[in-house]
Amino acid sequence: AALLLAPNRNFATFCCHLAGGVMQAALEAAGLHCWTKFYLVKPNPPPTPRHTFCSSIEECLVAGNGKRAWHGNHTTPNHYVHRLGSNKRMHPVEKPRPAIQLLVFSLSTPGQIVLDPFAGSGTTLHAALLEGRRAIGIEQEERYCEIAAKRLTRAQQQPPVPLQSQI
């Protein structure tokens with residue numbers, strides 16, 4: 001990750017709360033400085049097959065390789081509450097587009113490239129398109145590449161709704 005970032009750029013990665021410390025240590029060993037966290041809060045998490053608490057929080061570590069690159073405003077929250085509904089997800093670990101759009105808006109500027117090395121169904125690519133960023137997605141499973149391509153084609157046919165116009 002550190003080798004792919006231009007100077008003074010951000011890297012964001014989601015991980016479960018148990019892996020946060022290990023992930024942060026790995027990012028810092030690679031030369032990135034973790035400077036904030038973002039949380040995806042699920043007030044109605046799915047049940048777990050294990051004898052433990054249901055995971056209602058996903059943690060996103062934000063790291064950079066120089067000066068902090070913050071483009072949000074002074075009221076941007078460090079969390080997004082996502083109520084899991086009955087709508088069908090396109091990918092097993094799909095994130096809500098508004099949460100990812102908030103990250104794209106706050107951590108990059110229009111025209112910059114957003115790289116998603118685990119693109120899945122294209123949520124990050126869709127959010128980048130809406131925010132006027134260029135995007136590169138990498139996904140190993142062809143079926144998800146096809147879903148992402150269809151999603152982006154539909155999104156390009158509609159006018160973008162930047163997050164800034166919603167806050």
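**Strand 3 and its surroundings**

Strand 3, spanning residues 57-64, is largely enclosed by the rest of the structure, because seven of its eight residues are buried. The model is a predicted one, and what follows looks at how this strand is paired, then at the chain as a whole, and finally at one arginine.

Strand 3 has a partner in strand 1, which covers residues 10-15; the two run antiparallel and are joined by six bridges. To pick out one pairing here, Thr13 has Leu61 of strand 3 as its bridge partner. Strand 3 also pairs with strand 2 (residues 33-41), again in the antiparallel sense, this time over eight bridges. On that side, Phe38 is matched with Cys60 in strand 3. So much for the pairing; the next thing to look at is the overall layout.

Taken as a whole, the protein chain holds six strands and four helices. Going along the sequence, these turn up in the order β-α-β-β-β-α-β-α-β-α. As for overall dimensions, the radius of gyration comes out at 16 Å, which agrees with the value near 15 Å that a compact globule of 167 residues would have. Along the principal axes, the C-alpha atoms fill a box of roughly 45 × 40 × 35 Å. Of the 167 residues in the protein chain, 35% are buried. Links between distant parts of the sequence are well represented too: if one takes the contacts between residues at least 6 apart in sequence, 69% of them join residues at least 24 apart.

Turning to the surface, the protein chain exposes about 10400 Å², and 58% of that is supplied by carbon and sulfur atoms. In terms of charge, there are 17 positive and 10 negative side chains, with the centres of the two sets lying 6 Å apart.

Back at the level of single residues, Arg9 sits in the segment before strand 1. With a relative accessible area of 32%, Arg9 falls between the 20% and 50% cut-offs, and therefore counts as partly exposed. Its C-alpha atom is separated by 6.3 Å from that of Asn65, even though the two residues are 56 residues apart along the chain. Once neighbours within four places in sequence are left aside, the contacts of Arg9 are with Ala63, Gly64, Asn65 and Gln112. Two of these, Ala63 and Gly64, belong to strand 3, given its span of residues 57-64, which brings the description back to the strand it began with.

Key. Residues are numbered from 1 along each chain as its sequence is written. This is a predicted model: local features need pLDDT of at least 70, side-chain atom pairs count only at pLDDT 80 or more; totals for chains, interfaces and linings use all residues. Side-chain values use heavy atoms; hydrogens and water are left out. Buried means under 20% relative accessible area, exposed over 50%, partly exposed in between (1.4 Å probe, protein chains only). Two strands pair if DSSP finds at least two bridges between them. The radius of gyration is taken over C-alpha atoms; the globule rule is 2.2 Å times the number of residues to the power 0.38. Contact means heavy atoms within 4.5 Å. Accessible areas come from the Shrake-Rupley method with a 1.4 Å probe; for residues, only the protein chains shown count as cover. Lys and Arg count as positive and Asp and Glu as negative; His and the chain ends are not counted. The place of a charge is taken as NZ of Lys, CZ of Arg, CG of Asp or CD of Glu.
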